[in-house]
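Let's take a walk through this protein together, one selection at a time. Keep your viewer open and your selection box ready.

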Amino acid sequence: MSDDLKPQAPKKAAAPKEAILKEEGERIAKRIARAGICSRRDAERMIEEKRVSVNGKLLDSPACVVTAADRITVDGVLLPEKEPTRLWRYNKPAGLVTTHRDPEGRPTLFEKLPEDMPRVISIGRLDLTSEGLLLLTNDGELARRLELPSTGWIRRYRVRVNGDVDEAALAGLADGVTVEGVRYGPIEAVLEKRQGLANAWLTVSITEGKNREIRRVMAHLGYRVNRLIRIAYGPFQLGYLPEGAVEEIPARILREQLGRNEKAPRVPQPLSPSPAMVVRKRAERRVDETPREERFDEPRTGGMNWEEKKKAMAKAAAARGSAARAGAKAGGKPSAGKPSAGKPAGAGRPSGGKPAGGKPGPRRPSGRDR
């Protein structure tokens, strides 16, 4: 029997697409933290205390990957849905610690935040005496990725130092510097102004943000930092945000600034325009590019097109000119008309019958001379 006549085995039904695609999951501690309940460390501690269940099964280890289809409970309460990624600007005052809990009992900035804010973490840190712009987010993955120097975001500071500033030494920081075995990348430091004989204000820009980087580099140059204010972190500026105030960055601006960054997680991309919008925009563009004279070639509903209107206006102007010339010939000279308000009759006419600009006539005596 030839191969063509052999009965062919029935084809297997194609598996549904949903079964082929493996749903992406995440670790249970991360999922709990993204719900805004606690940090990852606290979530791992809660799991070890057997307070977390997945699909009715009590967990005893954080080594568990969950998906959106899993039912997670903490202390018997169903875990809320993940919050959308949000970002805030905060003007940190000096004297606050950038941590949730301080072993020494010092005040933390998270204790000073409004009560209606969800649980947030900081993107980078500012030490106890530093102040200025601090970004806060509810997305830990976003915070870690924006802290990496690979993002290329520049942190800009205003720094007041004590000492005789050498601008050549500041310019040398552009090539990087090694301080006590630690290599710091390029730093842009510019003298802004001198304040008296002892202090000076600098503008310093860095991209790495290592621990106490600016203070250690300035100490290496012989300057003591007595004030440090962060004024920008990437595209986000401190601006006129009052000290201690917090302000959420609108979702639209967040999409604009992070949408081009492929590493930014869970940031929705702008929606593509609808077909109707595309057609409308193209029509508007064609009208804008058409010369003005060509836009009125077709007759208007009023009755005249542009060329006819121009001819009619020229004809009317010629008729007015002919009428004026005919009136001048009939009367010998055009009528002077009524004098304008506020001026005596004959004002502005040359005296003595002479044209304007000629020799003035004799001075008439005033009432006193009579």
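**First stop: the largest pocket**

Start by selecting S39, R40, H100, R119 and I121: of the 27 residues that line the largest pocket, these lie nearest its centre. Keep in mind as you look around that this is a predicted model. The space you are looking into has a volume of about 800 Å³.

Next, colour the elements that give two or more residues to this lining: α2 (28–34), α3 (40–48), β8 (121–123) and α4 (140–147). Which element gives the most to the lining of the largest pocket? It is α4, with five residues. Now switch to colouring by residue class, and the lining of the largest pocket splits into 12 charged, 10 polar and five nonpolar residues.

**Second stop: another pocket**

Move on to R125, G209, K210, N211 and R212. They lie nearest the centre of the second largest pocket, which is lined by 23 residues. To trace the walls, select β10, α6 and β15, the elements that give two or more residues to this lining. The volume here is about 490 Å³. By class, the lining of the second largest pocket has 10 charged, eight nonpolar and five polar residues.

**Third stop: the nonpolar core**

Now turn to the inside. In soluble globular proteins, nonpolar side chains tend to be buried together. Show L136, V161, V204 and M218 as sticks: among the 33 residues of the largest nonpolar core, these touch the most other members. To see where the core comes from, highlight the elements that give it two or more residues, including β9 (131–137), β10 (155–162), β14 (199–206) and α6 (213–221). Of the contributing elements, β14 gives the most, with four residues.

Stay with M218 for a moment. What is M218 in contact with, leaving aside its neighbours within four places in sequence? Add V161, L170, L173, A189, L202, V204, Y223 and V225 to your selection, and you have the full set.

Apart from this core lies another one, of 17 residues; L135, L142, L146 and L254 are among them.

**Last stop: the whole protein**

Finally, zoom out and show the cartoon: the protein has nine helices and 17 strands. Buried residues make up 30% of its 370 residues. Of the contacts between residues at least 6 apart in sequence, 63% join residues at least 24 apart. Turn on the surface to finish: the accessible area comes to about 25,700 Å², and 52% of that belongs to carbon and sulfur atoms.

Notes. Residues numbered from 1 in each chain as written. Predicted model: local features only at pLDDT ≥ 70, side-chain atom pairs only at ≥ 80, totals over all residues. Heavy atoms only, no water. Core = buried A, V, L, I, M, F, W, Y, C linked by side-chain atoms within 4.5 Å. Buried < 20%, exposed > 50% of the residue type's maximum accessible area, 1.4 Å probe, protein only. Contact = heavy atoms within 4.5 Å. 1 Å grid on protein atoms, 1.4 Å probe; cavity = no way out; pocket = protein on both sides within 12 Å on 5 of 7 lines; lining within 4 Å. Points joined across faces, edges and corners; volume = space filled by probe spheres on them. Nonpolar A, V, L, I, M, F, W, Y, C, P; charged D, E, K, R; others polar. Areas by Shrake-Rupley, 256 points an atom, 1.4 Å probe, with all protein chains shown as cover.
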